[in-house]
Amino acid sequence: EFTPKFQKIKLVRIKHSLNKNEEAFVVKRRKTVLKSLKKLKIHCSKDAVPNIALLGSGGGQRAMVGLLGSLVQLDKAGLLDCILYLSGVSGSTWCMASLYQEPNWSTKLETVKDQIIKRLSGPKVSWGDVFINEHRVTGHRNKHKNDPFPIYTVIDKQCKQNREGDPWFEISPHEAGYSLTGAFVKTSSFGSQFDNGCKIKDQPEMDMLYLQGNKLCNRRFVFSSTDPNSPPADKCSQVLMDLVDMNLSVLNGIDPFDLHKSIRTNLNAYFSSGKLNLADKEAKIYSDECVCIIDVCFSICKCAVWWIWGTKYDFLHNMTDKTVPRALLESETRDYIDAGLLLNSPYFSVLREERDIDLIVSLDFSDGDPFMTVREAAETCKKLKIPFPELNIPSEDVKKPNDFYVFKGKNAPTVIHIPLFNVVNCGDDIDTWRYKYGTFSFSYSAEMITKLMEVAGKNISNNREKLLKQIHAAIGQKHNKQHCV
């Protein structure tokens, strides 16, 4: 029986405007940006402060480490406090989740960076430290007044498959919802059951593990511990590869039973590997780790088979609003999946008109074609009639990209596109770097992490003056636009 109190509370908002809490944050953050610009000796009036968004693409551990290295260099260059929004897809959200565990992380980034690298590279990888993150997104509230506003992104599976409605879904500390439709619910209530905009059944707020769950396939390194008591790496690798295939099978409507059987077989093999004959203390360590692996893996297997990990109640169920796609109003549940399956960069979270973004800095950690995401974003924007600059990319740059591209357009935000591996920081060895840091690579050693952070960081340090130039230009454009109005 439904509790009457829920029926009176309207927690769903359908409107093309910012959440009041985000509005308040933006006002304060813009003051921080103005101070930062003054430190950089950039003259800017209060009204002409540019709204700058930093985007981190998907790319597994490569994206996680690449974004961290980029942020460290932005901080050293005095540019981090110029960023208003930080938005990520897939692997980049892993970096964001780690950073936002720490209040005001940008004021102590070197310390936070060292802590993250220590967890990633060992010498002993901890399940709790590396994988299990039970912090909640709403926990970011009021703890990050000195940091950019975080936006995590996923996509609506049904909208993607049926090619109707708005697939772009964002989750911030205050609201979760459809970016372009303008339909949102309080993040603390995302996942609860709704009817006609009113909560009728409460559910616990999701934690960061939910956001990480759809990206598990990019995180094979958590099984590849340097701890001598860890389970066999080959078995762990096969389990994760089977999980990759299982997710793809579910997405394509193929029965994943054989993969489920293979996962069970490999996990059971841990117990017959002979390591349990070690000394009692060592055996207990190994046994406990195996139990943890089995608990997590079987939970993930169940979620993959039934897709319950990404399934949430539809907070728009039974509402009557002509501005919302009909499919979103009729279904009782919706499935949310890794946004990289549609577009590997979170452009549409920052292209909301009400966010009024002047400059987008896109850090692209994607595998393969270094321009695929920006091209797909431009094509989608053209179809949706969303202002986006025209792209002019020399064909020879696909195999040998430079480290800095600027795309401008009328009444559109300027887009800076920065491919991770390029001729400037990798020379003629781009393919070697791509192979070494493939999306499904094993665990990165401490040396690999350091080198990748250096390569990503060079894309910022080598282009500091170019970034400053584009910030200057964004200020000028904003000033002129306001003057014309």
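**Figure 1. Helix H4 and its buried residues in the predicted model.** The buried residues of H4 are Gly91, Ser92, Thr93, Trp94, Cys95, Met96, Ala97, Ser98 and Leu99. H4 is thus shown as a mostly covered helix, with nine of its nine residues buried. Ser92 lies in this helix and has a relative accessible area of 0%, so Ser92 counts as buried. Beyond its neighbours within four places in sequence, Ser92 is in contact with Gly56, Ser57, Ala63, Leu67 and Phe365. Cys95 is buried as well, because its relative accessibility is 1%, under the 20% limit for the term.

**Figure 2. Ser90 and Asn196, two loop residues with positive phi.** Most residues other than glycine have a negative phi. Ser90 has a positive phi of about 50° although it is not a glycine. Ser90 belongs to the loop between S3 and H4. The phi of Asn196, also positive in a residue other than glycine, is near 55°. Asn196 sits in the loop between strand S8 (193-195) and strand S9 (198-201). Which of the classes buried, partly exposed and exposed applies to Ser90, and which to Asn196? Ser90 is buried, with a relative accessible area of 2%. Asn196 is partly exposed, because its relative accessible area is 35%, and that class lies between the 20% and 50% limits.

**Figure 3. Strand S2 and its two parallel partners, S12 and S3.** S2 covers residues 52-56, and five of its five residues are buried, so the strand is largely enclosed by the rest of the structure. Both faces of S2 are covered: Ile52, Leu54 and Gly56 are buried on one side, and Ala53 and Leu55 are buried on the other. S2 pairs with strand S12 (residues 359-364) in the parallel sense over five bridges. The pairing of S2 with strand S3 (residues 85-88) is also parallel, over four bridges. Leu54 can be followed into both partners: its bridge partner in S12 is Val361, and in S3 Leu54 stands opposite Leu86.

**Figure 4. Helix H5 and the elements that cover its buried residues.** H5 (residues 109-121) has 13 residues. From its first C-alpha to its last, H5 reaches 18 Å, close to the 18 Å expected at 1.5 Å a residue. Its buried residues are Leu109, Val112, Lys113, Ile116, Ile117, Leu120 and Ser121. Why do the buried residues of H5 line one face of the helix? Seen down the axis of H5, they fall within an arc of 150°, so they line one face. What covers them includes helix H3 (60-76), helix H4 (91-99) and helix H17 (446-461).

**Figure 5. Leu71 and the largest nonpolar core.** In soluble globular proteins, nonpolar side chains tend to be buried together. The largest nonpolar core here has 82 residues. Leu71, Leu79, Leu99, Trp105, Phe169, Leu316 and Phe421 touch the most other members. H3 provides the largest share of this core, eight residues. Leaving aside neighbours within four places in sequence, Leu71 is in contact with Leu54, Leu80, Leu86, Cys95, Leu99, Trp105 and Leu109. A second, separate core of 32 residues includes Trp168, Ile337, Phe388 and Phe407.

**Figure 6. Ile475 in helix H18 and its contacts distant in sequence.** Ile475 is found in H18 (residues 464-484). Its relative accessible area is 8%, so Ile475 counts as buried. Not counting residues up to four places away in sequence, Ile475 touches Leu37, Ile42, His43, Cys44, Ala48 and Pro50. Ile475 and Ile42 are 433 residues apart in sequence, while their C-alpha atoms are 9.5 Å apart in space. For the protein as a whole, residues 24 or more positions apart account for 73% of the contacts with a separation of 6 or more.

**Figure 7. Cys381 in the context of the whole protein.** Cys381 counts as buried, because its relative accessibility is 1%. How many disulfides does a search of the whole structure find? The search finds zero. The protein has 18 helices and 14 strands. Of its 485 residues, 58% are buried.

Technical notes: Residues are numbered from 1 along each chain as its sequence is written. This is a predicted model: local features need pLDDT of at least 70, side-chain atom pairs count only at pLDDT 80 or more; totals for chains, interfaces and linings use all residues. Side-chain values use heavy atoms; hydrogens and water are left out. The expected span of a helix is 1.5 Å times one less than its number of residues. Buried means under 20% relative accessible area, exposed over 50%, partly exposed in between (1.4 Å probe, protein chains only). The arc is that of the directions from the helix axis to the C-beta atoms. Contact means heavy atoms within 4.5 Å. A nonpolar core is a set of buried Ala, Val, Leu, Ile, Met, Phe, Trp, Tyr and Cys residues joined through side-chain atoms within 4.5 Å. A disulfide is a pair of cysteine sulfur atoms within 2.5 Å. Two strands pair if DSSP finds at least two bridges between them.
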